Amino acid sequence: ELLFITGSFASNAKVSPPDKDHATWYCVGDPTEGALITLANKAKINVEKYEQDYKEIKQFSFDSSRKLMSSIRPWGDGENRYVFVKGAPEYILKNSTEIWDQGHTRKITQKDKNYILEKNEQLAKKAMRNLAFAYRVLDKNENIEDIEVQQAESKLIYLGMVSMVDPVREEVSEAMEAARIANIKVSIVTGDYAT
């Protein structure tokens, strides 16, 4: 449950049912975040209710240098405040000291990290886009107003990784061929995992 909730809480998109202007469910915002919210809904998480009950206190938006996004919210009985984090698996792992393992947390090992990074690479080579999720319970004495991103996104508990099909768009082949015929040198610049 916490995996799906983390993906939803660390997202800003909104997924809405069909209405007079839309024949099917639709996403307002980032499509990747919409996919994470849809995943949570499909896992029987009542995303709308959780959004109302556990309102965001502070957010650290995605940044291309740290490749993470996080949301601080109350969770559980409301007494605890959690940092819910999503991002590139290698960056989540770099900041993780523990791992969720079959209902409990334990210290994350280098063997764990190597296994996850290997899976990340295998999936990326199959045109899959991978995002990892983690969380952290804040100490009661941590002042949320003063907390900085490095502190919030440290000592994380790794939850898991989700993969989405991320194929090359259909029009890319035609555009690349047109560029080749015109003797245009093509450089691919992306923030995604390099394969």
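The following paragraphs describe the nonpolar cores, the first helix, the aromatic pairs and a surface patch of a predicted model.

In this model, the largest nonpolar core comprises 22 residues, and those with the most contacts inside it are Ile5, Phe9, Tyr50, Trp75 and Phe84. At least two residues of this core are supplied by each of helix H1 (2–9), helix H2 (31–42), helix H3 (47–53), strand E5 (80–87), strand E8 (128–137) and strand E9 (156–165), and the largest share, 4 residues, comes from E9. When residues up to four places away in sequence are not counted, Tyr50 is in contact with Glu1, Ile5, Phe9, Ile45 and Trp75. A second core, separate from the one just described, has 19 residues, among them Val83, Ala134, Ile144 and Leu156.

Helix H1, which contributes to the largest core, is itself mostly covered, with 6 of its 8 residues buried. These buried positions are Leu2, Ile5, Thr6, Gly7, Ser8 and Phe9, and they pack against H2 and H3 as well as against strand E4 (68–75), E5, E8 and E9.

The aromatic side chains were examined next. In the model, 9 aromatic pairs are counted. The ring centres of Tyr82 and Phe84 lie 5.7 Å apart with their planes at 20 degrees, so this pair is stacked. With a relative accessibility of 13%, Tyr82 counts as buried because the cut-off for burial is under 20%, and Phe84, at 0% relative accessibility, likewise counts as buried. Tyr82 also forms a stacked aromatic pair with Tyr135, for which the distance is 5.5 Å centre to centre and the angle between the planes is 10 degrees. Because Tyr82 lies in strand E5 whereas Tyr135 lies in strand E8, this pair ties together parts that are 53 residues apart in sequence. Both Tyr82 and Tyr135 are buried. Through ring pairs, Phe9, Tyr50, Tyr54, Trp75, Tyr82, Phe84 and Tyr135 are linked into a cluster, and of these residues Phe9, Tyr50, Trp75 and Phe84 are also among those with the most contacts inside the largest core.

On the surface, a nonpolar patch is formed by Val172, Met176, Ile184 and Val186, which together have about 310 Å² of accessible area. Met176, a member of this patch, is found in helix H7 (residues 171–181). The relative accessibility of Met176 is 37%, and this residue therefore counts as partly exposed, since that class lies between the limits of 20% for buried and 50% for exposed residues.

Notes. Residues numbered from 1 in each chain as written. Predicted model: local features only at pLDDT ≥ 70, side-chain atom pairs only at ≥ 80, totals over all residues. Heavy atoms only, no water. Core = buried A, V, L, I, M, F, W, Y, C linked by side-chain atoms within 4.5 Å. Buried < 20%, exposed > 50% of the residue type's maximum accessible area, 1.4 Å probe, protein only. Contact = heavy atoms within 4.5 Å. Patch = residues over 30% accessible without salt bridge, like charges linked within 9 Å, V, L, I, M, F, W, Y side chains within 5 Å. Areas by Shrake-Rupley, 256 points an atom, 1.4 Å probe, with all protein chains shown as cover. Salt bridge = Lys/Arg side-chain N within 4 Å of Asp/Glu carboxyl O. Phe/Tyr/Trp six-rings, centres within 6.5 Å; stacked < 30°, edge-to-face > 60°.
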